[in-house]
Amino acid sequence: MPPGLELRDLTKSYDGFRAVDRLSLAVASGSVFGLLGPNGAGKTTTLRMILNIVAPDAGQVLLHGHPLRPEDGARIGYLPEERGLYKRMSVFDHLVFLGELRGLGRREARRRVGPWLERLDLARRARSRVEELSKGMQQKVQLAAALLHEPELLILDEPFTGLDPLNQSLFMDLLLEYRRDGRTILFSTHVLEQAEKLCDDIGLIRDGQSILIGALEDLKRRFASRRYRLVAQGDVARLDAVDAVERWRKTDDAVELVLRPQVPGPALLRELVDFLEVVEFRPQEATLEEIFVDAVRDAG
């Protein structure tokens, strides 16, 4: 079965600056894929090329194995980073209007809007003008608009920005429910804690190029091989002189170590027992934030 979405050598330049550089990745159908990277990495440009908002200079976007066609737009939902709503329209009328733009008949659009307003706790503001809503409420309106036509592929650009913890949790629940229905989600975010909870796979890009792509659980195991928790008595400051240790930090009850690449844990332990009384030495699972920092640092 072909991926739900595939990018092949996608490339885009602006005035001689290459924003996306031969980027390739595949998003499995029915999965959540997190597109991550530092500011200016090319995430938004990539999403806009997938949506044909901007045309790539080279490369292809494929949906279920075929090049993206104009009619495929009705199969995609999009929540942009720059929120764009008509401020003077009511919430209800705005969603009906956006549903019609996505191919729904007016009657069907009106039928679908009510349940979404209830689900997003916006029913009491259905007749309010958009400009009267908080930024978080406006964001919920745009999420409803992205989901109203029940797209197969949902693309979200920084969906958690500006949301309070309660609404972040609401967005999380909706997206997980969407995945359980067999739909595909691709999103970019700086909120790595939320990405870690949501993602099946991640793609980390920097300067428009891929530096790390894979299943999140596989990457956690891979990066965990360099992280250890140490509980010991003695002069831990001597860790500064241990070549095998890339960096370390003291916590309340332990020391967290990051080994240099290709250094096996048992070899380090043999060195540690020469100057420390080791009580505990065990590998730790890497968080997505740690994977992000390590991969960007290793990429130079």
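**Notebook: helix H4 and the open sheet**

I began with burial in H4 of this predicted model: Gly136, Met137, Gln138, Gln139, Lys140, Val141, Gln142, Leu143, Ala144, Ala145, Ala146 and Leu147 are buried. That is 12 of the helix's 13 residues, so I noted H4 as mostly covered, taking under 20% relative accessible area as buried.

Next I asked myself what covers the buried residues of H4. The cover includes strand S6 (76–79), helix H2 (91–101), helix H3 (106–119), strand S7 (153–157) and H5.

I then checked the length of H4. With 1.5 Å a residue, its 13 residues should span 18 Å, and I found the end C-alpha atoms 19 Å apart, which agrees.

On to the neighbour, H5. The axes of H4 (residues 135–147) and H5 (residues 165–180) come within 12 Å and cross at roughly 5°. Because angles under 35 degrees count as roughly parallel, I put H4 down as roughly parallel to H5. From H4, the contact uses Gln139, Lys140, Leu143 and Leu147; from H5, it uses Asn167, Leu170, Phe171, Leu174 and Tyr178. Sorting this contact by class, I get six nonpolar, two polar and one charged residues.

Last, I turned to the sheet. I traced an open sheet of four strands, in the order S2-S1-S4-S5 with antiparallel pairing. Strand S2 (17–27) and strand S5 (66–67) are its edges, each pairing on one side only. Between S1 (residues 5–14) and S4 (residues 58–63) I found five bridges in the antiparallel sense; Glu6 has Leu62 of S4 as its bridge partner. Helix H1 (residues 43–50) packs on this sheet, touching S1, S2 and S4, and its direction makes about 115° with that of S1.

Key:
Residues numbered from 1 in each chain as written. Predicted model: local features only at pLDDT ≥ 70, side-chain atom pairs only at ≥ 80, totals over all residues. Heavy atoms only, no water. Pairing = 2+ DSSP bridges. Helix = DSSP H or I, 4+ residues; strand = E, 2+ residues; numbered from the N terminus. Contact = heavy atoms within 4.5 Å. Axes fitted to C-alpha atoms, helices over the stretch in contact; angles between N-to-C directions. Parallel < 35°, antiparallel > 145°, perpendicular 65-115°, else oblique. Nonpolar A, V, L, I, M, F, W, Y, C, P; charged D, E, K, R; others polar. Expected span 1.5 Å × (residues − 1). Buried < 20%, exposed > 50% of the residue type's maximum accessible area, 1.4 Å probe, protein only.
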